[in-house]
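Biologist: I would like a close look at a single part of this protein. Please take me through the place where the ligand sits, and then its surroundings.

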Amino acid sequence: MNVYEAIEKRRSIRRYRPDDVPEPVLRTLLNAARLAPSGCNRQAWKLIVVRDKETKRRIAESCRQRFPGPASDVRVVRRVAKAVAEAPVIIVACVLVRDANMKYFQIEGEDPVMFSNKGRPRDQSGFWQEFIEHRSSHEGEYESLGIWDLAIALDHLSLAAFEQGLGTCWIGAGDTMALKRILSIPAEIQARMTMTVGYPDESPEPRSRKRLDELVSYEKYE
Ligand SMILES: Cc1cc2nc3c(=O)[nH]c(=O)nc-3n(C[C@H](O)[C@H](O)[C@H](O)COP(=O)(O)O)c2cc1C
């Protein structure tokens, strides 16, 4: 299977056969995530693999609890919770916020300081000084760097899974605080996404996509 074929044929899978995912197969997917590019090659993320039934049940329940009152019982919420509870493996994807945003740049008191990837302050003359100034005035643009990296890693993982005959689904509907409690995730780490993994028990039709000319323009924004 070539990459384009995997991109074209992958679907979000929310119903799984009970068959377990062998550890060597799972490690192939995890390794695909490991090989993903990341800004400054910082790899500021961590994946937590959950196979334990009770832990998955608690995470599934927390997905429902996130939607208060009757909303927790609407079909789409129940379907997500069921996918999380029944997938043989779920992967909770975390951003190491400090590493993502601060490894190369920290504010020390009033002064921005640039760090090398070995944690030593860099020479801050010339280019670096300009970069630091730019960074200071565009802070918002840099906040989400860890999310980019994590998303690419998960996308690699989901395509590698498809090649192995596995289905996946991104679950953004999880409850971050509950994930932290259930999985003992430290306060400074963000649990941003859950991905279910297992052998598909459904073959969904392709979801529609916008036309290319709605998504892309040439030379200027149109
Ligand atoms: C960031 C992100 C968050 C998502 N969150 C959920 C979710 O909480 N529940 C769910 O059932 N699907 C979720 N999905 C899956 C999308 O609904 C799905 O990718 C989209 O409908 C297109 O369908 P396809 O993946 O089968 O092509 C998410 C996908 C992404 C990329």
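Biologist: Which element gives the largest share of the shell around the ligand, and how many residues does that share hold?

Modeller: Keep in mind that this is a predicted model. Strand β5 gives the largest share of the shell, with three residues. The full set around the ligand is Arg 11, Ser 12, Arg 14, Val 80, Cys 169, Trp 170, Ile 171, Gly 172, Ala 173, Pro 204 and Arg 207. Sorted by class, six of these residues are nonpolar, two are polar and three are charged.

Take Val 80 next. Val 80 belongs to the ligand shell, and Val 80 is also one of the buried residues of helix α4. The others buried in α4 are Ala 81, Ala 83, Val 84 and Glu 86. Helix α4 covers residues 75-86, twelve in number. From first C-alpha to last, α4 reaches 16 Å, close to the expected 16 Å. The buried residues of α4 pack against β5 (167-171), and also against α3 (53-65), β2 (89-96) and β6 (189-198). That brings us back to β5, the main contributor to the ligand shell.

Now a helix pair elsewhere. The axes of α2 (residues 23-34) and α8 (residues 145-163) come within 7 Å and cross at roughly 145°. The crossing is right-handed. On the α2 side, Thr 28, Leu 29, Ala 32 and Ala 33 make the contact. On the α8 side, the residues are Ala 153, Leu 154, His 156, Leu 157, Ala 160 and Ala 161. This contact has eight nonpolar residues, two polar ones and no charged ones. The ligand shell, by contrast, includes three charged residues.

Key:
Residues numbered from 1 in each chain as written. Predicted model: local features only at pLDDT ≥ 70, side-chain atom pairs only at ≥ 80, totals over all residues. Helix = DSSP H or I, 4+ residues; strand = E, 2+ residues; numbered from the N terminus. Expected span 1.5 Å × (residues − 1). Buried ≥ 20, exposed ≤ 12 C-beta atoms within 10 Å, placed from the backbone. Contact = placed C-beta atoms within 7 Å. Axes fitted to C-alpha atoms, helices over the stretch in contact; angles between N-to-C directions. Left-handed = near helix turned anticlockwise from the far one by under 90°. Nonpolar A, V, L, I, M, F, W, Y, C, P; charged D, E, K, R; others polar. Near = placed C-beta within 6 Å.
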